[in-house]
Amino acid sequence: MPTTTKTPSEITFKDFKDEILNDYRIAVTSRECSLLGRREVLTGKAKFGIFGDGKEIPQLAWAKVFKNGDFRSGYYRDQTFMMAIGKLTIEQFFAGLYAHTSIEADPMSAGRQMGGHFGTHSLDENGEWKNLTQQKNSSADISPTAGQMPRLLGLAQASKIYRNVSGIDTEKFSVKGNEIAWGTIGNASTSEGLFFETINAAGVLQVPMVINIWDDEYGISVHARHQTTKENISEILKGFQRDEDNKGYEILKVKGWDYTALVETYQKAEQIAREEHVPVMIHVVELTQPQGHSTSGSHERYKSKDRLDWEKDFDCIAQMKLWLINNEIATEEELDAITKHIKKEVREGKKAAWNAFLKPILAEKKQAIQLITAASQKSANQVFITKIINDLAEIQEPGRKDVISSCRKCLRYLVGEDFSEKTQLQNWINSYLDTVQPNYSSHLHSQSKWSAFNVSEVKPTYSDDAEQVDARLIIRDNFDYIFGNNPEALIFGEDSGNIGDVNQGLEGLQEKYGELRVADAGIREATILGQGIGMAMRGLRPIAEIQYLDYILYALQIMSDDLATLQYRTKGKQKAPLIVRTRGHRLEGIWHSGSQLGGIINLIRGIHVLVPRNMTKAAGFYNTLLESDEPALVIECLNGYRLKEKMPNNIGEFKTPIGVVETVKEGADITLVSYGSTLRMVAQTAKELQEVGIDAEVIDVQSLLPFDINHDIVKSLAKTNRLMVIDEDVPGGASAYILNEILNTQNGFQYLDSQPKTLTARPHRPAYGTDGDYFSKPSIEDIFEAVYEVMHEMNPADYPKLR
């Protein structure tokens, strides 16, 4: 039942009436889904509900101008729009509400996100790109308010790249850059910094982006007077309005209950954005929210009687109904009949969705009861197991938790007993978990043939007379190869363009490849990340550069909530193979310490975190990642650009493997594990330890996420029986993560003859200067003495106490 628009020259009154009544049907269907959805939450069938009631009519007008190839980046009020473009059915709406784990039943997220979070499928079942120009696209929503804005910027910028950069294979991704990226946000969420950062960046970049601001005067229970200066977002953003002398936005304002004005406004916005490639802002005012913010509360608690009365009168569907009657397009009886029919349709759709959700679980429950009963009849603890059976049998609408929890509890009463029925129950539980768990845990990373794990290592090769060069030249020449051989690749960030980045790793490349492919960006880390996410979602291969690792904290929320979860929250139906380039380690000072990896690795699971010790390794990671379809963070060593490395003769072709450690020095007495700049200090210390008879094995982690997929470190422990992890993060940070991986994941504890040790920075941020670094982070002397102390504890006679 998608909405359509015909040109005036080809439309008859019947066509006109049919189109408008179809719009009305969609609006009423969406509203009835919201109303019935709330009841499903309040009766306990669904956990939480947040709906799009009150925003129906402007979304119909928007849907009329949304074309194949366009992208949406929105938030959890856009269900009417998704219905209007034919991407959300009644049953799918309720399947999402019930958290149905089938991607066919809930194509938005297979039950991984609460209802109201919408996305379309950019990938087929093999992880291959579909033709995005032949479908209407929605990037997968996230809940954090304004979190959709940075991604919106990148989705729009992709059209600019496709229109202006030659040589890219655009077949599946763009038709001459004519696509618009459409965003939605609530008026209260425009208070977020991400909104303002994105608005400013889009104005600077001049990209085809249209942002819809749904304004119902409230943000949760808080009125606009507490949210926005002048209580009017378009008023305070007037400075962004373009004029004859200055580029900027086209800013439009329209009432959300005025159907004809909305249609005209959206047609105007589309024409400007699509043809002129400039951003447009549509402030949709006088909207309502009939059920309040969500199922967690009632809006009667914070809205006055006058406001509630006004909302009833100016409800957008009620106003559309009046308009239809007053203009003799339909009678009240016709419209009431439509509503009656839709109410029935929504109830039937809800029932079908619930039955589809519950039916397989009921079958599993029946099977579980049969197995438990059979086992109980052979058990000495039958009376206790029978209670579990009865409790499960009484649950008329069980969840899978109820089924498997009951089975697992029964095993406690079967300990020490041995009969075939118990074995059958054990096997069923194991099989059930193997089958069901992936419904909740799959696709954190790519499962396609382009997984980074499928990219084979290619070692750098060297001529006999290979020159020792500043390491930055290896990075530079490797990027030169990348951009010369991959027209869809581009890089952008602070100082990345004109000066070739702060360490000259991009020297001369903007002049060679142009300002769109090697670009400077403002000081706005979150939207630099957003640019990368959006462009990667549209088939480009962006490299988003964050000048220093410390600054990534500005973008960490976007990385954590959006990029890291994308494949997971769409169950492999969307991807953004963005490479985030930065530099860190051994920086000096509180704000430039470059060491906060403990926090990063625990917040961005779903993104590879790579920590190469030199520029050759870093270049190899970039080459590997460009053959994969996964996002990654590459942290180059800041103090490594001027160090000398041999120039490989296969620049652009060698590849560093993901998740594989490297033994830098073999040894027999103790295994030393580190990464990045600290690794060089550990390697130097290992040489000094040999002078006192300690033969240390030195292992470079190279990749924190994923970590040592071949379990090579535990093989080292089997030889040395001692372990020390050294890094420059705070205590309990990355070193604790590494230690856990070695001891628990790899079961390395079984080979240890001494207590495993970690050597980290002090628990504070590093003080400034060379001395500040020395007394804040591990030094060569710290490493030497810590290793020596381990050997002293093992053999005090051969290794007398140092101090």
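At 42% relative accessibility, Glu457 counts as partly exposed, because its value falls between the limits for buried, under 20%, and exposed, over 50%. The model described here is predicted. Glu457 has a charged partner: its side chain meets that of Lys459 in a salt bridge, with 3.1 Å from N to O. Lys459 is exposed, as its relative accessible area is 56%.

**Salt bridges**

Side chains of opposite charge can pair when their charged atoms come close. In this model the count comes to 52 salt bridges. Three of the pairs are set out in the table, each with the distance from N to O.

| Pair | Distance, N to O |
|---|---|
| Lys459 and Glu457 | 3.1 Å |
| Asp470 and Lys644 | 2.8 Å |
| Lys719 and Glu697 | 2.6 Å |

The side chains of Asp470 and Lys644 meet in a salt bridge. This pair links distant parts of the chain, with Asp470 in strand β9 (residues 468-470) and Lys644 in strand β16 (residues 644-646), 174 residues apart. Lys644 is exposed, with 53% relative accessible area.

A further salt bridge joins Lys719 and Glu697. Lys719 belongs to helix α24 (residues 712-720) and Glu697 to strand β19 (residues 696-700), so this pair ties together parts that are 22 residues apart in sequence. Is Glu697 buried or exposed? Glu697 is buried, with a relative accessible area of 4%. Its partner Lys719 is partly exposed, at 40%.

Salt bridges also link residues into a network, whose members are Asp501, Glu545, Arg581, Arg583 and Glu636.

**The sheet and its helices**

What is the order of the strands in the open sheet of 6 strands? The order is β2-β1-β3-β4-β8-β7, and the pairing is parallel. At the edges are β2 and β7 (250-255), each of which pairs on one side only. For β2 the partner is strand β1 (residues 71-73), and the two pair in the parallel sense over 2 bridges. Within this pairing, Phe71 stands opposite Asn137 in β2.

Helices lie across this sheet. Helix α2 (residues 56-65) lies across β1, β3 (181-186), β4 (209-214) and β8 (280-285). Its direction is at about 170 degrees to β4. Helix α6 (residues 193-205) lies across β3, β4 and β8. The angle between α6 and β4 is about 150 degrees.

**A buried serine in a loop**

The edge strand β2 (137-138) also marks one end of a loop, the other end being α4 (90-98), and Ser109 is placed in this loop. Ser109 counts as buried because its relative accessibility is 1%, and the limit for buried is under 20%. Which residues is Ser109 in contact with, leaving aside its neighbours within four places in sequence? Ser109 is in contact with Ile103 and Arg569.

**A nonpolar patch on the surface**

Val383, Phe384 and Tyr413 form a nonpolar patch on the surface. Together these residues have about 300 Å² of accessible area. Tyr413 sits in the loop between α13 (400-412) and α14 (420-436). With 30% relative accessibility, Tyr413 counts as partly exposed.

How values were computed: Residues numbered from 1 in each chain as written. Predicted model: local features only at pLDDT ≥ 70, side-chain atom pairs only at ≥ 80, totals over all residues. Heavy atoms only, no water. Helix = DSSP H or I, 4+ residues; strand = E, 2+ residues; numbered from the N terminus. Buried < 20%, exposed > 50% of the residue type's maximum accessible area, 1.4 Å probe, protein only. Contact = heavy atoms within 4.5 Å. Pairing = 2+ DSSP bridges. Axes fitted to C-alpha atoms, helices over the stretch in contact; angles between N-to-C directions. Patch = residues over 30% accessible without salt bridge, like charges linked within 9 Å, V, L, I, M, F, W, Y side chains within 5 Å. Areas by Shrake-Rupley, 256 points an atom, 1.4 Å probe, with all protein chains shown as cover. Salt bridge = Lys/Arg side-chain N within 4 Å of Asp/Glu carboxyl O.
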